[in-house]
Amino acid sequence: MNILDSLQDFHDLGKLNEEELNALCGELRDKILNVTLKNGGHLSASLGVVELTVALLRAFNPDRDKLIFDVGHQSYAYKILTKRKDSFATLRQKGGIAGFSRLNESPYDFFTTGHSSTSISAALGYAKARDLCKQDYESVAIIGDGALLNGVAFEALNSVDNLKTKVIIVLNDNKMSINPRIGGMAKHLAELATNQTYVKLKNAIKSQCRSMENGECIRDRISGIKSRLKSLLLPMNVFEDMNISYWGPFDGHNVSELESVFNLAKIYDESVLIHVVTKKGKGFEQTEKYASFFHGIGPGTDINDAEKPSCGTPGWSGVMADTLCKMAEKDDKIVVCTAAMKDGTKLGKFSKLYPGRFFDVGIAEEHALVYAAGLAAAGMKPVVCIYSTFLQRAADQIVHDVALQRLPVLLGIDRAGLVGEDGETHHGLLDISWLRAVPEMTIAVPRDAEDLKFFVSEWSKRKIPMAVRYPRGKASISTVSDGKTREIAEWGRSEILRNGRKVCLIGAGSTVDLMLKAACEIEKRTSISVTVVDLRFVKPLDEEGLDRIFLTHKVIITAEENGLVGGWGEAIAAYKELKGYYDTKIASVGVPDKFISHASRQEQWQMCGLTAENIADIAAKLL
């Protein structure tokens, strides 16, 4: 029996010696690798924090102490050691454990995380609640260096001194978020990690761990060490200036060193930031060499896939990136922004071809949108490629800084719709609902690559704020029906793909193909020819096209990969009532008003009734 199998949970970690701890870390990595390659997930981040996790669980007791992992994709080892070892094989599968921390999954997950940079704020909330309730536990935030660059994290750091409560912040510094980190704070952390004065301070703190038998005067003794070194403290330490004691840097792959420091932090009576240096993808040659590739992988990944050339039908992200490259070649006003998602949005080629017109601002979505607005105000044509779930963080900037000023910023909304195994925190199911409420915003949903190219090209000729949303997965090159040659419909117009009678199915983007299949199913059951329409423009709606549909059909069914509340199905139903088309029955299929748990994308579509059979059943009831 190996060491991991012999452990019940984290309570048994204290029984292991150094050799056994090192062996355990290797076994944890093997388990994480094998399950993640099979199920998909965030591999390299979790491999990098194995020793850190073991040290945390030896020093802190999550039966009492609150450990909050920022983002949560670094929590796999933590899940295994907190009574989820036997269920870890179900990672990211329907009914299994989530790929991120989930408050409702385990009593050892203290906050639901998925978006970055929330851990310090949440830990402060726990810490202040502890003080108010006169309880006794440690509140610990484990945050990555990339997440620390976000404004939310800085707002939390700024509140530490004012709140007068103790929080322990563990900064996991692997020099990356998904891609290598960028910006001034990245340089600051690099300088801290190599500055010899801080190395001396680190060694002094470690010596206190060995020499002190209790916590008496520990603050004074460490403060005294800092005072003696103060004249040498270069470069400036932003954390110390915010009245947060800075300790480090420490070797993030040395369990005993980390455990000693964490034990010292427990008896230190003020807030402290512990700087830990780790290697993303630690433990395997391929994951270390291609840490960005293995940040997030799909089910059935091979360890050698990073070195294999991509082939087959391009994904939506790639189509968007290629479109922007071709446009930038002819138009020097085209610039592209992203928020730490260069690889995810497939913008690597653009960044190499046009480095002076590509801007990765780090995990700073709000800044990205205002920066793009500034570029637009100065006469440029900025495109912001961003996942739908992360765009939510910049809602105010889109309203106040882009749409209000009617600035020509294009939002390339990636991963719009259901995203599969990443689950609730990463679905893009709200962008249509809230963007529809924004005045001056145009929203287009391409069904294939040809339409996406058309939308982006036409936007560049018009001085308007606009969103083009596209889902996760492969993009159809060109979608036609009834043997027609593909001709791009006019700007602002819907497109009839199949002409029929009585029943009209309206889709947009990813649901167009679903409606074509549903039409075949209905015709097979009823012998009624069915009209299929690609809506194309969610806002403004093609009212002339809708009028023709309502006047010639008795049943209309819409399907959208978005929340039904505030979706375009709701908008079409409202238009029906406004115009008084009372003889026409209408039904909408989409994502219900609840959070959809992790599962495969196909399973999630079935959960939401986005199937040809369900649409045919609805048509039968309405006919």
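Student: In what order do the strands of the open sheet with parallel pairing stand?

Tutor: The order is E1-E2-E3-E5-E4, which gives 5 strands, and the pairing is parallel. Keep in mind that this is a predicted model.

Student: Why are strand E1 and strand E4 said to stand at the edges?

Tutor: Strand E1 (66-69) and strand E4 (245-251) each have a single partner strand, so one side of each has no neighbour in the sheet. Neighbouring strands of this sheet are turned by 20° against each other on average, with direction ignored.

Student: How do you know that E2 and strand E3 pair?

Tutor: Two strands count as paired if there are at least two bridges between them. E2 and strand E3 (residues 168-173) have 5 bridges, in the parallel sense, so they qualify as a pair. One bridge joins Ile142 to Val170 in E3.

Student: What about E4 and strand E5: over how many bridges do they pair?

Tutor: E4 and strand E5 (residues 272-277) pair over 5 bridges, again in the parallel sense. Ser245 stands opposite Val272 of E5.

Student: What makes E4 largely enclosed by the rest of the structure?

Tutor: A residue is buried when its relative accessible area is under 20%. In E4, 6 of the 7 residues are buried, so the strand is largely enclosed by the rest of the structure. For the chain, 60% of the 623 residues count as buried.

Student: Is Lys134 buried or exposed, and how do you know?

Tutor: Exposed means over 50% relative accessible area. Lys134 has 76%, so it is exposed. The residue is in the loop between helix H6 (119-132) and strand E2 (139-144). Its phi is near 55°, a positive value in a residue other than glycine.

Student: Why is Lys346 called partly exposed?

Tutor: The class lies between buried, under 20%, and exposed, over 50%. The relative accessible area of Lys346 is 48%, so it is partly exposed. Lys346 also has a positive phi, about 60°, although it is not a glycine. It lies in the loop between strand E6 (334-338) and helix H16 (348-353).

Student: Which residues touch the most other members of the largest nonpolar core?

Tutor: They are Ile120, Phe262 and Ile274, in a core of 79 residues. Helix H2 (residues 18-39) gives the most to this core, with 8 residues. Leaving aside neighbours within four places in sequence, Ile120 is in contact with residues including Ala141, Ile143, Leu148 and Ile169. There is also a second, separate core of 47 residues, and among them are Ala376, Ile432, Met441 and Trp568.

Student: How do the axes of helix H17 and helix H19 cross?

Tutor: The axes of helix H17 (residues 365-377) and helix H19 (residues 395-403) come within 9 Å and cross at roughly 10°. Angles under 35 degrees count as roughly parallel, so H17 is roughly parallel to H19. Glu366, Leu369, Val370 and Ala373 of H17 make the contact with Gln397, Ile398, Asp401 and Val402 of H19. By class, the residues are 5 nonpolar, 1 polar and 2 charged.

Student: What is the pairing in the open sheet that contains E12 and E17?

Tutor: The pairing is mixed; the 5 strands stand in the order E12-E14-E13-E16-E17. Strand E12 (495-498) and strand E17 (585-591) are at the edges, because each has a single partner strand and so one side without a neighbour in the sheet. The twist averages 25° from one strand to the next.

Student: In which sense do strand E13 and strand E16 pair?

Tutor: Strand E13 (residues 502-507) and strand E16 (residues 553-563) pair in the parallel sense, over 5 bridges. Val503 has Val555 in E16 as its bridge partner.

Student: Which helix lies across E13, strand E14, E16 and E17?

Tutor: Helix H23 (residues 543-552) does, running at about 135° to E16. This angle is neither under 35, over 145, nor within 65 to 115 degrees, so it counts as oblique.

Student: Is the peptide bond from Lys539 to Pro540 cis or trans?

Tutor: It is cis, with omega near -10°. Pro540 is found in the loop between strand E15 (537-539) and H23.

Methods:
Residues are numbered from 1 along each chain as its sequence is written. This is a predicted model: local features need pLDDT of at least 70, side-chain atom pairs count only at pLDDT 80 or more; totals for chains, interfaces and linings use all residues. Side-chain values use heavy atoms; hydrogens and water are left out. Axes are lines fitted to C-alpha atoms, for helices over the stretch in contact, and angles run from 0 to 180 degrees between N-to-C directions. Helices (H or I, at least four residues) and strands (E, at least two) are DSSP runs, numbered from the N terminus. Contact means heavy atoms within 4.5 Å. Ala, Val, Leu, Ile, Met, Phe, Trp, Tyr, Cys and Pro count as nonpolar, Asp, Glu, Lys and Arg as charged, and the others, Gly among them, as polar. A nonpolar core is a set of buried Ala, Val, Leu, Ile, Met, Phe, Trp, Tyr and Cys residues joined through side-chain atoms within 4.5 Å. Buried means under 20% relative accessible area, exposed over 50%, partly exposed in between (1.4 Å probe, protein chains only).
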